[in-house]
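Welcome! Open the model in your viewer, and let's walk through it stop by stop.

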Amino acid sequence: MRNKQLLSLDLPDFTGALIKHAPIGIILTDEKTVIKHANPKAAMLCGAPTPASMVGLKMQWTEPDAVPNRAFDLHSIIESGMPASAYTSRTTPFGAQLRCDCTFIPIAENGGNSPGLLILLLDVKEKLQLERNVLEAEKLSALDTIVGGVAHELNNPLTSILGYTELLLSTEHPPEMHRRLAAISEEAERCRHIIENLLSFARRNEAPVLENDINATLREIVKLCAYQMRIENIVLSLRTDDRIPRISIQQRKLQQVFLAILMNAHQALRNVHDRPRILQVSSHFTGESILLKFRDNANGIPKSIRHKIFDPFFTTKPQGEGMGLGLSVAYGVIQEHHGAIHLDTEEGEGTTLTLEFPVPDMA
């Protein structure tokens, strides 16, 4: 019975349904490359309100790799009767950014003439995003090796400095010299902690995963930054949700993440001079995930650089004030925790960075 129903399937209806629900854009033109038909996917890719709104538009193709000021000749494809392919990145008449692999197929009549073109549009935005993600992963992998090597090279002379300073401090000296030696020891110890953090970054997979209170970890870092914020007239507040359960995290790595985000917000708020400077930190439990929000009322992030803020070595800080590693490291750490980072920013109105951590089923 089922086979009989299939045999009786109305082919035109089947073809129409296939074109309508196809996951690729389909456009049909006449011999003058004027659009006669477009399916919903083609309309969506081109930013058209409906497929019907594309009918009557003339297809014109100019590719960046083609000869300057010369059109990708659709008429020649029609006359040749041979299919052709091209990648396009263009703004459509409807204002959408079209990034597609395109195939142009001449449609021949029974007599051999080609009355038009069948154009297939394959969306490659996800493919391009995947390629960017792979590239970022390769950058971070190379960065691990570089940072690890530099940290080990610095560790050796620093160990000698600390050793000799401790030896000198153990002997009698005038108070002023003793004070200066203590300052050298303190700064060298600070450098040692920085190198430990670099080595921790280079050995990202070695940090232990233990069940911890993420609220307590957040409070520690906020407390660490509170004094510096206060002396620069930045109002730093923290509100935590006591319902948040303990989850398995790499605590030291998350401490680095929280610190990097707070330092970036701190830097942004330094540029605010016409209103109170406010940085609000909060935690929330949705029942399925933990949300940590970092909200500042600085000047926001310009649209032109929003897509770069998680790139390694990208920074807006003056030369010598930062390497641009903080947020790229944060992005990697959050991914290791199977979480996500959400950016919400408006120029002149501030930025909210939300960290989302999934919570295992507690049933």
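Begin with the whole chain in view: of its 363 residues, 35% count as buried. Keep in mind that this is a predicted model. Colour by secondary structure, and the chain comes to 9 helices and 12 strands. Turn on a surface next: the chain exposes about 22,300 Å², with carbon and sulfur atoms supplying 56% of that area. As for contacts in the chain with a separation of 6 or more, 60% of them are accounted for by residues 24 or more positions apart.

**Stop one: N39**

Select N39, which sits in the loop between β2 (35-38) and α3 (40-46). Is N39 buried or exposed? N39 counts as buried because its relative accessible area is 0%, and the cut-off for that label is under 20%. Now show its side chain: a polar atom there lies 3.0 Å from the backbone oxygen of I24. Leaving aside residues up to four places away in sequence, N39 touches I19, A22, I24, G25, I26 and P51.

**Stop two: T33**

Move on to T33, placed in the loop between β1 (25-29) and β2. With a relative accessibility of 1%, T33 counts as buried. Which side chain does the side chain of T33 join in a polar contact? Display K58 to find out: the two side chains are joined by a polar contact of 3.3 Å. K58 is also one of the residues that T33 touches, a list that includes L57, M59, L74, H75 and I78 when residues up to four places away in sequence are not counted.

**Stop three: the cysteines**

Next, select the cysteines and show their sulfur atoms. How many disulfides does a search of the whole structure find? The search finds 0. Take C46: it is in no disulfide, and the nearest cysteine sulfur, that of C100, is 7.3 Å away. A disulfide would need the two sulfur atoms within 2.5 Å. C46 is buried, with a relative accessible area of 7%. C102 is in no disulfide either; for C102 the nearest cysteine sulfur is that of C100, at 5.6 Å. C102 is buried too, its relative accessible area being 2%.

**Stop four: E153**

Now highlight helix α5, residues 125-169, and pick out E153 within it. Because its relative accessibility is 58%, E153 counts as exposed. Then add I195 to the selection. E153 and I195 are 42 residues apart along the chain, and their C-alpha atoms are separated by 9.9 Å.

**Stop five: helices α7 and α8**

Select helix α7, residues 214-231, where you will find E220. E220 counts as partly exposed, at 43% relative accessibility. From there, go to L259 in helix α8, which covers residues 251-269. How many residues apart along the chain are E220 and L259? They are 39 residues apart, while their C-alpha atoms are separated by 10.0 Å.

Stay with L259 for the last view. L259 counts as partly exposed, with 30% relative accessibility. Add L224 and M263, and you have a nonpolar patch on the surface formed by these two residues and L259. Together the three offer about 250 Å² of accessible area. Colour the patch to finish the tour.

Key. Residues are numbered from 1 along each chain as its sequence is written. This is a predicted model: local features need pLDDT of at least 70, side-chain atom pairs count only at pLDDT 80 or more; totals for chains, interfaces and linings use all residues. Side-chain values use heavy atoms; hydrogens and water are left out. Patches are made of residues with over 30% relative accessible area and no salt bridge: like charges are joined within 9 Å, nonpolar side chains (Val, Leu, Ile, Met, Phe, Trp, Tyr) within 5 Å. Accessible areas come from the Shrake-Rupley method with a 1.4 Å probe; for residues, only the protein chains shown count as cover. A salt bridge is a side-chain nitrogen of Lys or Arg within 4 Å of a carboxyl oxygen of Asp or Glu. Helices (H or I, at least four residues) and strands (E, at least two) are DSSP runs, numbered from the N terminus. Buried means under 20% relative accessible area, exposed over 50%, partly exposed in between (1.4 Å probe, protein chains only). A polar contact is a pair of N or O atoms within 3.5 Å; within protein, one must be able to donate a hydrogen and the other to accept it, and residues adjacent in sequence count only if both atoms are side-chain atoms. Contact means heavy atoms within 4.5 Å.
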